[in-house]
Protein chains: 2
Amino acid sequence: MANPSIKEVAQRAGVSVGTVSNVLNRPWIVAPRTRQRVQDTIRELGFVRNEAARHLRAGRSRTVGLVVLDVANPFFIDVARGAEALADEHDTMVVLCNSDGDPHREGRHLDQLEQQRVMGILITPVRTDSPRLRSLVARGTPVVLVDRAAAHGGRCSVSVDDRLGGRLAGTHLVERGHRRIAFVGGPLSIQQVADRLAGVTAAVEEAGGVSLETLEMPTLSVAAGRAAGERIAALPDASRPTAVFCGNDLLALGFLQAMAAQGLRVPHDMAIVGYDDIDFAAAAAVPLSSVRQPRELLGRTAMELLQEEVEDPGAHRHRQVIFQPDLVVRESSDLTRAD
Amino acid sequence: MANPSIKEVAQRAGVSVGTVSNVLNRPWIVAPRTRQRVQDTIRELGFVRNEAARHLRAGRSRTVGLVVLDVANPFFIDVARGAEALADEHDTMVVLCNSDGDPHREGRHLDQLEQQRVMGILITPVRTDSPRLRSLVARGTPVVLVDRAAAHGGRCSVSVDDRLGGRLAGTHLVERGHRRIAFVGGPLSIQQVADRLAGVTAAVEEAGGVSLETLEMPTLSVAAGRAAGERIAALPDASRPTAVFCGNDLLALGFLQAMAAQGLRVPHDMAIVGYDDIDFAAAAAVPLSSVRQPRELLGRTAMELLQEEVEDPGAHRHRQVIFQPDLVVRESSDLTRAD
DNA sequence: CCGTGCTACTGAGACGTTTCAATTCGATGG
DNA sequence: CCATCGAATTGAAACGTCTCAGTAGCACGG
């Protein structure tokens with residue numbers, strides 16, 4: 001009635017369970033006649049392998065967990081696509097988990113994934129070095145950090161040079177003549193955000209005579225960007241920055257909306273540079289300048305490192321891959337393109 | 001060394017495996033002293049439950065599969081969030097799978113999910129009634145259709161009245177005086193798209209004296225929308241439609257970009273109405289009018305129906321829940337709001 | 001006809017958990 | 001002191017698969 005097992009297939013086909021298993025896993029060692037008979041029976045009975053049993057037997061599953069900070073951010077979706085593309089080639093499944101920037105949620109997902117004995121975990125952690133993550137690794141689950149460099153050599157990581165990204169944005173704005181710049185970021189406890197700030201700070205300091213003020217928002221969302229925009233728009237003209245560098249594109253989009261709502265023109269009254277260069281950045285009210293990251297490549301490379309580690313843990317040496325971002329200048333920070 | 005099992009915990013704590021299992025699952029029946037001792041041992045050894053074994057024993061997993069047409073579409077991400085919110089309350093995990101509109105990919109995901117013996121599957125199927133899905137149900141995996149009404153009473157479904165949505169958009173454009181309207185849609189094999197077209201068609205026919213032309217694109221993506229926009233922009237002024245209704249917001253955003261690139265003003269030269277009202281619609285170059293669907297509620301309700309079915313299959317009666325969409329008018333179709 | 005070597009197949013054991021009937025152990029009451 | 005009872009604990013079976021040592025059968029050469 002319910003799902004037939006390998007045993008029932010064996011019985012019906014008149015062979016042993018071992019033979020059915022062989023048909024499934026190493027068909028070439030089974031005589032063609034037998035193989036055919038078993039395959040027919042499988043179809044007839046509608047037999048479906050029980051992954052849980054395989055998994056229990058094998059000790060490890062064929063699943064990889066991917067824990068991201070925000071599924072609503074298309075940046076992470078692209079990272080996931082990259083990871084999944086490679087996973088497909090390895091007959092592996094990717095489970096996407098959303099921590100939403102909450103360490104507690106992150107912990108819950110890690111628990112679940114560890115209980116599932118996943119092959120490994122790709123994660124953009126909420127905090128840099130949680131003990132939870134450390135114990136995970138200690139107990140034998142390979143972890144690859146995504147979009148964040150590993151502090152120690154204890155694990156692999158794939159990241160983008162966020163300091164450089166911040167510097168690119170800062171230098172660009174300084175070169176366009178801005179002397180009052182604001183940085184709108186998410187919580188500085190997120191390493192990427194802190195690094196981007198450090199980058200823009202360095203660029204500004206080198207330039208000299210340029211002020212940089214920081215607005216730390218609780219999240220990296222469109223709503224937070226809108227709130228930040230409203231606060232900045234409320235400043236008197238004289239003290240209001242003329243350019244803003246946002247910690248990611250969601251913030252930038254929100255900020256842009258606020259500018260429109262408050263009647264400030266972009267880029268005339270306010271230049272904006274975002275981060276990530278998500279697809280929607282180019283489609284915004286005013287096309288957004290943004291620091292581009294190789295999103296899919298990030299995910300794909302992380303999965304590559306993980307597969308490498310899983311396939312030969314002995315030979316594997318942890319590596320820190322760091323990509324370079326580049327700046328895409330569009331209308332939001334370029335007066336020459338504006339009407 | 002490796003992950004300790006319940007057996008090693010039992011040994012170390014000087015109890016039987018049954019007792020450890022009881023501490024884990026029904027702690028109240030274990031004497032406090034023993035319970036404490038076992039819990040200490042668990043912590044000491046870093047014991048982590050093996051979900052595969054539980055699952056094998058239990059016969060079914062605590063996971064639900066959610067198969068969507070396009071993860072890059074924020075609409076489905078919101079649906080997923082709604083589903084996950086409820087899943088959390090039931091201590092259930094959601095696995096998000098992306099069919100990308102490809103029946104083959106969809107089939108692969110369904111195979112994987114069935115092998116995992118998931119509790120159930122929430123799916124926006126590529127085609128209306130695939131045999132693959134039917135056999136899944138026949139073999140005992142509960143399926144709830146999402147964003148699509150079930151043709152027969154054989155399963156639950158949660159959907160939005162797409163015909164009504166199309167009608168709202170059509171009526172709106174007709175009322176604004178448009179007499180040449182275009183529908184830009186994804187493949188009409190997708191039921192939602194066909195229904196939206198049917199709705200707008202009905203609205204146009206009722207109005208009389210209004211022409212509707214259809215442009216069927218291969219996908220519901222920003223790129224496809226851009227391509228559609230370029231084709232329509234290339235038409236001579238006299239025969240070019242003055243308004244377009246796009247099958248979803250991604251198409252609409254792409255279409256909007258093409259208008260800007262070709263020098264056509266929105267809404268003056270071309271009015272645009274999208275579908276889904278994703279968050280980015282409001283942040284577009286010209287804020288998009290769009291037909292809004294209760295995205296999270298869609299996911300949450302689907303999960304509710306599934307849980308209901310799983311918890312008491314006997315008492316469960318399949319239901320078709322249908323929500324009403326509504327139209328959000330913004331600048332892209334409203335001359336009075338444009339500068 | 002026997003030994004050898006091969007191919008094809010068999011069957012038991014193990015993976016880690018849950019469950020449940022069976023057992024042990026004290027305490028209580030007669 | 002024995003019978004009884006309840007609480008606490010035990011131990012084995014079962015879930016479905018894979019693996020591996022073993023067996024059967026056959027062909028071939030000597």
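Copies are superposed by least squares on the C-alpha atoms of residues with pLDDT of at least 70 in both. On that basis, chain A can be laid on chain B with an RMSD of 0.1 Å, by a turn of 180° and a shift of 0.0 Å along the axis. That is the relation of a two-fold axis. In chain A, the C-alpha of Ala285(A) is nearest the axis, at 1.3 Å.

This is a predicted model, in which local features need pLDDT of at least 70 and side-chain atom pairs count only at pLDDT 80 or more, while totals for chains, interfaces and linings use all residues. Residues are numbered from 1 along each chain as its sequence is written, chains are lettered from A in the order in which they are written, and side-chain values use heavy atoms, without hydrogens and water.

**Chain interface**
- Of the interface residues of chain A, 98% are also interface residues in chain B, so the copies meet through the same surface (contact means heavy atoms within 4.5 Å).

**Surface near DNA strand C**
- There are 20 residues around DNA strand C (near: a heavy atom within 4 Å of the strand).
- Ser16(A), Thr19(A), Thr34(A), Ile6(B) and Arg57(B) come nearest.
- The surface residues divide into seven nonpolar, nine polar (Gly among them in the classification) and four charged (Asp, Glu, Lys and Arg).
- Of the strand atoms within 4 Å of the protein, 69% belong to sugar or phosphate, the rest to bases.

**Backbone to phosphate**
- A backbone N or O atom of Ser16(A) lies 2.8 Å from a phosphate oxygen of DNA strand C.
- For Ala31(A), a backbone N or O atom lies 2.9 Å from a phosphate oxygen of the strand.
- A polar backbone atom of Asn50(B) is 3.2 Å from a phosphate oxygen of the strand.

Conventions. A polar contact is a pair of N or O atoms within 3.5 Å; within protein, one must be able to donate a hydrogen and the other to accept it, and residues adjacent in sequence count only if both atoms are side-chain atoms.
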